[in-house]
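Me: Please take a close look at the sheet in this structure. Then show me how the part of the chain around it is organised.

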Amino acid sequence: MSAKIPYSKELSDFLYSFKIPEEELSAEFSGWANTNPEKSFDDFVWNYFKEKAISFTKSANSESELYANMRTIYLHMACYKTYVNDNLKEGIEFLKGHYKYDLLQNQASSLKMKVSVIGDKDCLKCANSKLQRTLEYEVNNQRLPFADCPLSKDGHSLYKAPYGYSVKRDENGLPVNTIKKIPERNYNPNTKYGRRKLREHARQEYAGLSSKEKLERNVIAFIIMAIICLIVWFLLGTEGFLKWSQH
Ligand SMILES: [Zn+2]
């Protein structure tokens with residue numbers, strides 16, 4: 001028996017982004033509804049979002065893929081909370097996460113960049129303002145652009161704050177690099193072959209690094225692990241995080 005799903009634009013957009021067929025969601029819901037008869041459809045969707053987000057942390061093949069997946073799913077979660085659940089306050093928390101992972105993904109490209117944000121054209125105060133900051137500043141600042149805009153009071157204009165990135169170039173017009181780029185690997189860690197290849201590559205590469213590079217590499221691996229822990233903690237709360245970390 002397949003359960004009836006109340007599709008909203010927000011839910012359909014999410015499924016479309018991650019190429020999840022409607023039948024898959026419907027089957028998941030049937031199973032879930034049987035074991036959680038007292039819970040609502042929204043409880044199910046929320047749980048589904050979280051499970052997907054956590055599975056993305058496991059399947060990402062690179063730092064930038066991890067950020068890109070988080071950036072996308074957090075935006076869908078923000079829209080669902082705000083527009084389907086009518087819970088702007090929690091929606092904004094996910095919107096902040098979306099912005100943060102978007103910045104981090106650009107930072108992972110190792111190119112020096114600037115972030116430009118344009119004020120809401122419907123706003124008397126900021127229609128003509130344009131903020132331009134370095135990517136590092138925005139990553140450390142951790143605030144949504146134009147959070148003080150009078151039109152942001154209801155939060156909805158935060159969703160449409162247009163921003164963009166520009167790459168800093170040197171005198172020859174070439175992009176300026178921040179750190180030596182670590183090549184991305186495209187093996188699938190979910191297969192035995194992929195995992196073996198990843199280990200081989202990691203060993204070969206690691207052996208060829210200088211001790212300073214080895215240290216950098218370890219720091220990056222540590223940062224990624226710390227970020228995954230933060231994601232899980234943010235999504236599941238302390239109790240859920242402890243359970244997750246034990247298996
Ligand atoms: Zn404004």
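**The sheet and its surroundings**

Reply: Start with one pair: Val-115 has Tyr-165 of β3 as its bridge partner. The model is predicted, so local features need pLDDT of at least 70 and side-chain atom pairs pLDDT 80 or more, while totals for chains, interfaces and linings use all residues. Residues are numbered from 1 along each chain as its sequence is written.

Strand β1 covers residues 113-118 and pairs with β3 over 5 bridges, in the antiparallel sense. Strands here are DSSP runs of E, at least two residues, and helices are runs of H or I, at least four, each numbered from the N terminus. Two strands pair if DSSP finds at least two bridges between them.

Now the whole sheet. It is open, with 3 strands in the order β2-β1-β3 and antiparallel pairing. β2 (130-134) and β3 (163-167) stand at the edges with a single partner strand each, so one side of each has no neighbour in the sheet. From one strand to the next, the twist averages 25° (axes are lines fitted to C-alpha atoms; angles run from 0 to 180 degrees between N-to-C directions).

Next, the domains. An automatic or database assignment sets their bounds: domain 1 is 1-108, domain 2 is 110-181 and domain 3 is 191-247. The C-alpha centres of domain 1 and domain 2 are 25 Å apart. Their contact takes 12 residues from domain 1 and 10 residues from domain 2; contact means C-beta atoms, placed from the backbone, within 7 Å. On the domain 1 side, helix α5 (residues 88-108) gives the most, with 11 residues.

Conventions:
Two residues are in contact if their C-beta atoms, placed from the backbone, lie within 7 Å.
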